[in-house]
Structures are given as C-alpha cells and as structure tokens.
Amino acid sequence: KARCSEFIFQGSQSLPRDRPDRVHPILIVEDDELVRVSLADRLRLEGFAVSTAATVDGARRELANAPRPDLVITDIRLPDGSGAEIFEICQVNFPGVPVIIMTGFGSVADAVRLVKAGALDYLEKPFNLDDLVGTVRMTVSGPELGDEGGLRGSVEGAERTAILEALVRNDWAISKTAQILGISRKSLWAKMRRYRIGRR
C-alpha cells in the first residue's frame with residue numbers, strides 16, 4: 001500500500017463547491033483507517049452521504065443494510081479478500097452500480113483486469129483528492145440535457161466518435177483513454193456526459 005501521507009495530502013483539498021442537488025450514497029471500502037477517514041470526510045464535506053467499511057465482510061454488511069449506493073470505491077487489497085470480491089458482489093446484487101478501484105504499486109494489473117470486466121475506473125495511489133471528487137460528481141450525477149437535445153454539427157459528431165472509439169480500444173479504462181486523448185480525466189468525463197456516452 002502507498003504511504004498514507006503520500007496519498008492523503010497529494011494535491012489541494014479545496015473547500016466544497018457545486019454540491020450535488022440530492023444526497024448520493026457512496027460506500028468506501030479501505031482498510032487503512034487514515035485513508036478511509038480522510039476520503040469519507042472530504043466526500044461528506046462535498047455533500048455526499050458516505051458509509052465505510054474496512055473489510056470485505058464489513059462491505060457486505062453495509063451493502064445489505066444501507067440504501068443502494070450510487071457508487072462504490074474500494075481498495076484492491078483488503079485484509080480478508082480483495083476489491084474483486086466487492087466488484088462481484090455489486091455485479092450480482094446491485095447491477096448498474098459503478099465501482100471505482102483504488103490500487104497501489106504492484107496491483108495495477110489486477111485493477112486493469114477489473115476495469116475490463118466492467119468496473120468504472122481505477123485510481124493509482126497516490127492520487128489527487130480534487131480529481132477524485134470530480135470523478136465522483138461526474139459519476140453520480142445524471143446526464144445533462146442539452147438544449148433541444150441531440151448533437152449539433154459534424155465537429156461534435158466527429159469528437160463523439162473519436163472518444164467512443166478510444167474508449168472501446170482501451171477497454172473503457174477512463175484514465176488511460178484520457179491520457180491517450182491528451183485531456184484530463186475530468187474533461188473526458190464531461191465530454192462523455194455531454195455526448196451521452198456510456199458503456200452498454
């Protein structure tokens with residue numbers, strides 16, 4: 001696992017802005033207490049409803065007793081199992097709930113495998129908390145409706161096609177696709193929402 005101080009304090013931790021219109025339940029599964037508490041506190045400050053667990057068993061209990069989550073964020077390595085088990089539980093019991101995998105050096109290949117299997121994305125530690133908040137917002141908020149709907153102009157159509165083809169080529173790995181396209185993950189998410197691009 002990455003050192004806590006490297007993970008927690010990389011990047012700025014700005015004050016909350018653009019709070020979500022409604023409370024979105026999010027489950028964080030992380031055995032490192034400092035990381036877990038810091039993530040939960042930050043997302044709560046941003047207006048999300050956060051529950052946490054430190055183990056696979058704990059996550060199973062949270063998922064059984066709490067409201068259906070809008071998003072699950074889980075570490076790949078847990079004391080009694082792995083993030084793969086969390087992902088499988090969500091696939092079986094909560095189809096459609098997006099799962100983001102947190103991974104450290106040495107477990108990236110496992111995270112990539114889960115993304116190919118249908119996980120939303122993976123974040124390699126240490127990562128910027130502001131980037132995570134942006135990703136969470138993009139994930140749990142519904143698609144924005146454009147005026148009169150539909151794409152306008154061939155430029156937009158070409159951009160949508162290019163983004164979709166890049167996502168497919170990279171097995172829908174958001175971070176890798178954004179890097180190849182030369183844009184930030186946040187910008188890619190914004191374009192995906194604008195063009196209503198989603199994995200079928």
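Q: If buried means under 20% relative accessible area, why is S38 called buried?
A: In this predicted model, S38 has a relative accessibility of 18%. The cut-off is 20%, so S38 counts as buried. S38 belongs to helix α2, which covers residues 33-45. The C-alpha atoms of S38 and L129 are 9.6 Å apart in space, with their positions 91 residues apart in sequence.

Q: What makes I174 a buried residue?
A: The relative accessible area of I174 is 2%. Buried means under 20%, so I174 is called buried. I174 sits in helix α8.

Q: Which residues does I174 contact beyond its neighbours within four places in sequence?
A: They are L120, D121, L167, R185, L188, W189 and M192. One of these partners, L120, is 54 residues away from I174 in sequence, yet their C-alpha atoms are 7.7 Å apart in space.

Q: How do you know whether D171 and W172 are buried, partly exposed or exposed?
A: Let's take them one by one. D171 has 33% relative accessibility; partly exposed lies between the limits of 20% and 50%, so D171 counts as partly exposed. W172 is at 13%, and with buried meaning under 20%, W172 therefore counts as buried.

Q: Where are D171 and W172 placed, and what is the sign of phi at each?
A: D171 is in the loop between α7 (153-169) and α8, and W172 has its place in the loop between α7 and α8 as well. Phi is positive at D171, about 55 degrees, although D171 is not a glycine. W172 is not a glycine either, and its phi is positive at about 65 degrees.

Q: Which peptide bond is cis, and where does its proline lie?
A: The bond from K125 to P126 is cis, and its omega is near -5 degrees. P126 lies in the loop between β7 (121-124) and α6.

Now for the helix pairs.

Q: Why is α8 described as roughly perpendicular to α9?
A: The axes of α8 (residues 174-181) and α9 (residues 185-194) cross at roughly 100 degrees and come within 9 Å. That makes α8 roughly perpendicular to α9, because angles of 65 to 115 degrees carry that name. On the α8 side, I174, S175, T177, A178 and L181 take part; they meet R185, L188, W189 and M192 of α9. These residues divide into six nonpolar, two polar and one charged.

Q: What makes α6 roughly parallel to α9?
A: Helix α6 (residues 129-140) and α9 have axes that come within 9 Å and cross at roughly 10 degrees. That makes α6 roughly parallel to α9, because angles under 35 degrees count as such. The residues that make the contact are D131, T135, M138 and T139 of α6, together with R185, K186, W189, A190 and R193 of α9. By class, this contact has three nonpolar, two polar and four charged residues.

Q: How do you know that α3 is roughly parallel to α4?
A: The axes of α3 (residues 56-65) and α4 (residues 83-93) cross at roughly 20 degrees and come within 10 Å. That makes α3 roughly parallel to α4, because the limit for this term is under 35 degrees. The handedness of their crossing is right-handed. From α3, the residues V56, A59, R60 and L63 meet E85, I86, I89 and C90 in α4. Six nonpolar, no polar and two charged residues form this contact.

Q: Which parts of the model should not be read in detail, and why?
A: The chain averages a pLDDT of 80, and 80% of the residues score at least 70. Over residues 1-9, however, the pLDDT is below 50, and this stretch has 21 contacts in the model beyond near neighbours in sequence. Residues 11-17 also stay under 50, with 16 contacts beyond four places in sequence. Where pLDDT is low, the predicted coordinates should not be read in detail.

Q: What does the chain contain overall, and what share of it is buried?
A: The protein chain has nine helices and seven strands. Of its 200 residues, 45% are buried. Among contacts with a separation of 6 or more, 72% join residues 24 or more positions apart.

Conventions
Residues are numbered from 1 along each chain as its sequence is written. This is a predicted model: local features need pLDDT of at least 70, side-chain atom pairs count only at pLDDT 80 or more; totals for chains, interfaces and linings use all residues. Side-chain values use heavy atoms; hydrogens and water are left out. Axes are lines fitted to C-alpha atoms, for helices over the stretch in contact, and angles run from 0 to 180 degrees between N-to-C directions. Helices (H or I, at least four residues) and strands (E, at least two) are DSSP runs, numbered from the N terminus. Angles under 35 degrees count as roughly parallel, over 145 as roughly antiparallel, 65 to 115 as roughly perpendicular and the rest as oblique. A crossing is left-handed if the near helix is turned anticlockwise from the far one by less than a right angle, and right-handed if clockwise. Contact means heavy atoms within 4.5 Å. Ala, Val, Leu, Ile, Met, Phe, Trp, Tyr, Cys and Pro count as nonpolar, Asp, Glu, Lys and Arg as charged, and the others, Gly among them, as polar. pLDDT is the predictor's confidence in each residue, from 0 to 100. Buried means under 20% relative accessible area, exposed over 50%, partly exposed in between (1.4 Å probe, protein chains only).
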